[in-house]
Amino acid sequence: MREQIRLYAPGAYTYPMSGSFVPNLVPYLHTEDDTVRPAMIVVPGGGYAVVSPTEGEIVAERFYEAGYQCFVLTYTTDMMQVQPVGRQALEDISRAVRMVRLRAAEWHIDPGKVACCGFSAGAHVVASLAVHGAEQAPETKETAEIRNRPDAVVLSYPVITSGQYAHRDSFKLLLGEHPTEEALDWASLEKHVTKDCPPAFLWQTLDDELVPVENSILYTRACREAGVPCELHLFRSGKHGLSLANARWAAGDFGEDSSYTMEQTWQTMRALSEKNPKAIPAFLAKAAAAESAKDFNREFDLAITGGTLPQNHPVPAVAKWTDLALAFLAAVL
């Protein structure tokens with residue numbers, strides 16, 4: 001199990017039914033020399049229900065290979081609908097960026113080159129920080145003078161709008177069943193882009209079946225109107241959740257330790273099994289009884305797919321997105 005850097009002091013994280021889980025960063029750091037490098041915080045998707053292993057370690061390793069000091073953020077989600085996530089995930093990523101800058105010298109990071117790469121709902125977390133980061137006060141005296149604004153963001157098939165083209169399930173878990181108009185407006189990120197937002201690279205497929213491509217277009221248009229450097233790549237075809245879209249992803253090789261992103265979901269189900277077992281759907285009972293996040297992840301995947309895992313195929317054109325993103329980052333960082 002890789003090292004986890006917890007983002008909250010003991011007792012400071014109070015999201016209910018999370019067991020021993022605390023939002024955390026898992027680092028992938030170059031230690032072979034003292035070269036000062038840019039940093040990339042990877043934020044997997046999962047519809048605010050889970051933090052998907054398919055977009056965690058495998059993506060961090062790609063940016064690591066490109067010379068970045070990398071981290072995977074496991075943030076607050078709410079699959080069991082215990083309590084809407086609200087602004088908790090925003091606080092998690094805000095703390096993550098400040099943590100990376102706070103320890104930049106120790107980790108050989110340029111604090112002026114800290115980027116975030118989010119996927120689907122994880123991209124909503126990243127873009128929330130891009131547009132609403134100033135609302136997050138420093139957590140401690142130690143971070144009082146440390147910025148939480150990313151220096152650039154990469155938004156992969158992002159959830160952006162709560163309007164006509166919304167991915168409704170994400171907003172149900174983020175805001176609850178009956179959100180106020182004020183909450184929906186706050187979460188519709190294209191409405192809040194200003195000239196102070198970080199440069200943004202976006203990519204998506206035109207036939208994305210879960211998150212309409214208009215989400216990417218709306219955010220790009222808002223950036224362009226505000227004068228924020230941006231770049232958008234729309235690929236002809238490919239399903240939602242393509243991650244790296246390469247042969248490794250298609251083979252289901254998401255990284256040897258990738259299941260750590262499922263820790264909160266596992267811990268929540270364990271806690272519910274003890275306090276309110278009727279809250280666990282019967283088809284997830286075996287997963288809830290798992291003794292490790294890795295075992296949970298395997299049983300969870302089998303349960304939600306009915307025992308037949310999906311057959312993925314690489315999409316070579318889409319797999320070029322990391323090269324395009326790295327070129328953009330080199331230009332703006």
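**Entry 1. Helix H9**

I looked up what packs over helix H9 and found that the cover of its buried residues (under 20% relative accessible area with a 1.4 Å probe, protein chains only; exposed is over 50%, partly exposed in between) includes strand E2 (24-28), helix H10 (285-288) and H11. Here contact means heavy atoms within 4.5 Å. Helices (H or I, at least four residues) and strands (E, at least two) are DSSP runs, numbered from the N terminus.

I note that the model is predicted, that local features need pLDDT of at least 70 and side-chain atom pairs pLDDT 80 or more, and that totals for chains, interfaces and linings use all residues. Residues are numbered from 1 along each chain as its sequence is written, and side-chain values use heavy atoms, with hydrogens and water left out.

Helix H9 covers residues 263-275, 13 residues in total. From its first C-alpha to its last I read 18 Å, close to the 18 Å expected at 1.5 Å a residue; the expected span is 1.5 Å times one less than the number of residues. I listed the buried residues of H9 as Glu-263, Gln-264, Thr-265, Trp-266, Gln-267, Thr-268, Met-269, Ala-271 and Leu-272.

**Entry 2. The largest pocket**

I then turned to open space. A pocket is an open set of points on a 1 Å grid over the protein atoms alone, where a 1.4 Å probe fits, with protein on both sides within 12 Å along at least five of seven lines; lining residues have an atom within 4 Å of a point. Grid points are joined across faces, edges and corners, and a volume is the space filled by probe spheres set on the points.

The largest pocket holds about 1500 Å³ of space. Its lining has 44 residues, and those closest to its centre are Ser-52, Pro-53, Thr-54, Asp-301 and Ile-304. Which helices each supply at least two residues of this lining? I found helix H5 (168-175), helix H8 (247-250) and helix H11 (293-304). The largest share, seven residues, comes from H11. H11 is also among the elements that cover the buried residues of H9.

I sorted the lining by class, with Ala, Val, Leu, Ile, Met, Phe, Trp, Tyr, Cys and Pro as nonpolar, Asp, Glu, Lys and Arg as charged, and the others, Gly among them, as polar. The lining of the largest pocket has 17 nonpolar, 18 polar and nine charged residues.

**Entry 3. The second largest pocket**

About 190 Å³ of space lies in the second largest pocket. I counted 13 lining residues, with Leu-7, Arg-95, Met-99, Glu-139 and Thr-140 nearest the centre. Helix H2 (residues 88-102) gives the most to this lining, with four residues. By class, the lining has six nonpolar, two polar and five charged residues.

**Entry 4. Aromatic pairs**

I searched the whole structure and obtained 12 aromatic pairs. Rings of Phe, Tyr and Trp (its six-membered ring) pair if their centres lie within 6.5 Å; planes under 30 degrees apart count as stacked, over 60 as edge-to-face and the rest as tilted.

Phe-71 and Trp-107 have ring centres 5.1 Å apart and planes at 50°, so I recorded the pair as tilted. Phe-71 is in strand E4 and Trp-107 in helix H3 (residues 104-107), 36 residues apart, and the pair thus links distant parts of the chain. Both Phe-71 and Trp-107 are buried.

The pair of Trp-203 and Phe-235 is edge-to-face, with 6.1 Å centre to centre and 80° between the planes. Trp-203 lies in strand E7 (residues 200-205) and Phe-235 in strand E8 (residues 230-235), 32 residues apart. Trp-203 is buried at a relative accessible area of 0%, and Phe-235 is buried at 13%. I found both within one aromatic cluster with Phe-63, Tyr-68, Phe-119, Tyr-157 and Trp-321.

**Entry 5. Two strand residues**

Is Thr-74 of strand E4 (residues 69-74) buried or exposed? It counts as buried because its relative accessibility is 1%. Beyond four places in sequence, Thr-74 is in contact with Phe-21, Pro-23, Asn-24, Val-51, Tyr-260 and Thr-261.

Cys-230 is in strand E8 and, at 27% relative accessibility, counts as partly exposed. Beyond four places in sequence, I found Cys-230 in contact with Ala-200, Thr-220, Cys-223, Arg-224 and Phe-328.

**Entry 6. Positive phi**

Most residues other than glycine have a negative phi. Gln-81, not a glycine, has a positive phi of about 55°. I placed Gln-81 in the loop between E4 and H2, and at 45% relative accessibility it is partly exposed. His-108 also has a positive phi, near 60°. His-108 lies in the loop between H3 and strand E5 (109-119) and is partly exposed at 24%.
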